[in-house]
Amino acid sequence: MVLIADWKKSTFDPRKELEIDKIFRLAVKHKCSDIHLQVGRPPIFRIRGGLRELEMSPLGESQMIELTFPMMDQRNLDIFHTNGGADFSKVVTAENEPWRFRVNLLTQLGKVGMVARKIERSIPPFEKLFLPPCMVEHCRYDQGMVLLAGVTGSGKSTTIASMLDWINRNMNKHILTIEDPIEFIYTSDKCLINQREIGQDVVDFHIAMKHAVREDPDIMLVGEMRDRETFETAIHAAETGHLVFGTIHAPGAPGTLSRILDLFPFDMHKAIRASISMNMKCIVGQKLLKTIVDVPSRVPIVEIMSFNPTVRKLVMEEMDEKLWAAIRIGKTEGMQLFNDSLYDFVNREFISREAAFEISPNVEELKMRLKGIEVKGAAIL
């Protein structure tokens, strides 16, 4: 019987072929987006948005440890044992090509589990992701912050990668990414690109950002806004003349404000609102929805809130409930609500009406629009 504790003093040769690599290769072969390993069940793949069990025997506790622990170096082993989980990247050769996976090793009910997401080898352009054309405009800022909001698996990282790749192909800038772990690997075109992975290239996010101000970046990717320190450091970088991209777990564009404020004590909210109002350029909320066509298999349902004078005023004056009306009125400036995106994909026959109604934040409004009845926005001020 192999126990978790037995691995604390173990050492592994990263060059050695691992048994778990067979599962990763199978995931590539079947165009799987995510791998799930759980004790008591066979491996599970997410394919075209649905979960499918492999025709294998259920994994035992000792087998799970033997499969997953050799992927970790000593640093990640220590993090796993201290925190009950670890995030890291893994590269496996499949179909004669290197493929990257973002791995989360976790414990649940006292047992080890794993979720791994496949990172596509090429970064798709906006048109192949079926993103709104106006997303290009949010790549052109000289400074400020652009946030991608959504739940896990909503495509935030892919959208940001597409934005940075557009900058790389069209502008002469220095792009610095600080990631935990690195997901997409960028190939320099017109831009100079440096990518730093927490733990591998620098000890932690705080030190990485301290170094960043001495590394002359024009554009920074800071990954996920997980806590107060990360957001404060990132917004400071935006204040000092950099264009900062990041992601945050939030339900949508307007809802991101409350998610950010929740990171801070109440007596700081006024100052944080002022900082957001001055430095935020755009918040993009995103969800992924399965299609009813073969290509694409999923499409991004996108909500876009640009920080025009009206939005800035509403944020400053704590009138967040009116932001949805401001987005509707700002349609000519490239803003849109989730319902606008759903309406477009239903009309293009990419998604079903039933699927659209299921995730719509305002089902009745969407039904009226599909019947040809436009809903006028409420007055803002």
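These are my notebook entries from a walk through a predicted model.

**Entry 1: the whole chain**

I began with the overall numbers. The protein chain holds 14 helices and 13 strands. I then looked up its extent, and the C-alpha trace spans about 65 × 50 × 45 Å along its principal axes. Next I asked how the radius of gyration fits the chain length. For 381 residues a compact globule would come out near 21 Å, and the protein chain has 22 Å, so the two agree.

I also checked burial, and 51% of the 381 residues count as buried. The exposed surface of the protein chain is about 18,700 Å², with carbon and sulfur atoms supplying 51% of it. For contacts between residues at least 6 apart in sequence, I noted that 59% join residues at least 24 apart.

**Entry 2: the six-stranded sheet**

Which order do the strands take here? I read it as β3-β2-β1-β6-β5-β4, an open sheet with antiparallel pairing. At its edges I found β3 (50-53) and β4 (85-94), each of which pairs on one side only. From one strand to the next, the twist averages 25°.

I picked one pair to follow by eye. Strand β1 (residues 34-38) runs antiparallel to strand β2 (residues 44-47), and three bridges link them. If you want a spot to zoom in on, try Ile-35, which stands opposite Phe-45 in β2.

Then I looked for helices on this sheet. Helix α1 (residues 21-29) packs on it and touches β1, β2, β4, β5 (97-108) and β6 (111-119). The direction of α1 makes about 70° with that of β4. Helix α3 (residues 74-83) lies across β4, β5 and β6, and runs at about 140° to β4.

**Entry 3: the seven-stranded sheet**

My next stop was the open sheet of seven strands, ordered β9-β8-β10-β11-β7-β12-β13, where the pairing is mixed. Why is one side of β9 and of β13 left without a neighbour in the sheet? I saw that β9 (192-197) and β13 (298-306) stand at the edges and have a single partner strand each, so one side of each has no neighbour there. The twist in this sheet averages 15° from one strand to the next.

Again I chose a pair. Strand β8 (residues 174-179) and strand β10 (residues 219-224) are parallel, with three bridges between them. Here I can point you to Thr-177, whose bridge partner in β10 is Leu-221.

Two helices went into my notes as well. Helix α7 (residues 228-239) packs on the sheet, where it touches β7 (144-149), β10 and β11 (243-248), and its direction makes about 140° with that of β7. Helix α6 (residues 205-212) lies across β8, β9 and β10, at about 165° to β8.

**Entry 4: helix α14**

I finished with one helix up close. Which residues of α14 (residues 363-370) are buried? I found Glu-365, Leu-366, Arg-369 and Leu-370. Looking down the axis of α14, I saw these buried residues fall within an arc of 135°, so they line one face of the helix. That spacing makes sense to me, because an α-helix has 3.6 residues a turn and residues three or four places apart point the same way.

What covers the buried residues of α14? The cover includes α11 (323-329), α12 (338-347) and α13 (353-359). One last jotting: just after α14, Gly-372 takes a positive phi of about 90°.

Terms used: Residues are numbered from 1 along each chain as its sequence is written. This is a predicted model: local features need pLDDT of at least 70, side-chain atom pairs count only at pLDDT 80 or more; totals for chains, interfaces and linings use all residues. Side-chain values use heavy atoms; hydrogens and water are left out. Two strands pair if DSSP finds at least two bridges between them. Helices (H or I, at least four residues) and strands (E, at least two) are DSSP runs, numbered from the N terminus. Axes are lines fitted to C-alpha atoms, for helices over the stretch in contact, and angles run from 0 to 180 degrees between N-to-C directions. Contact means heavy atoms within 4.5 Å. Buried means under 20% relative accessible area, exposed over 50%, partly exposed in between (1.4 Å probe, protein chains only). The arc is that of the directions from the helix axis to the C-beta atoms. The radius of gyration is taken over C-alpha atoms; the globule rule is 2.2 Å times the number of residues to the power 0.38. Accessible areas come from the Shrake-Rupley method with a 1.4 Å probe; for residues, only the protein chains shown count as cover.
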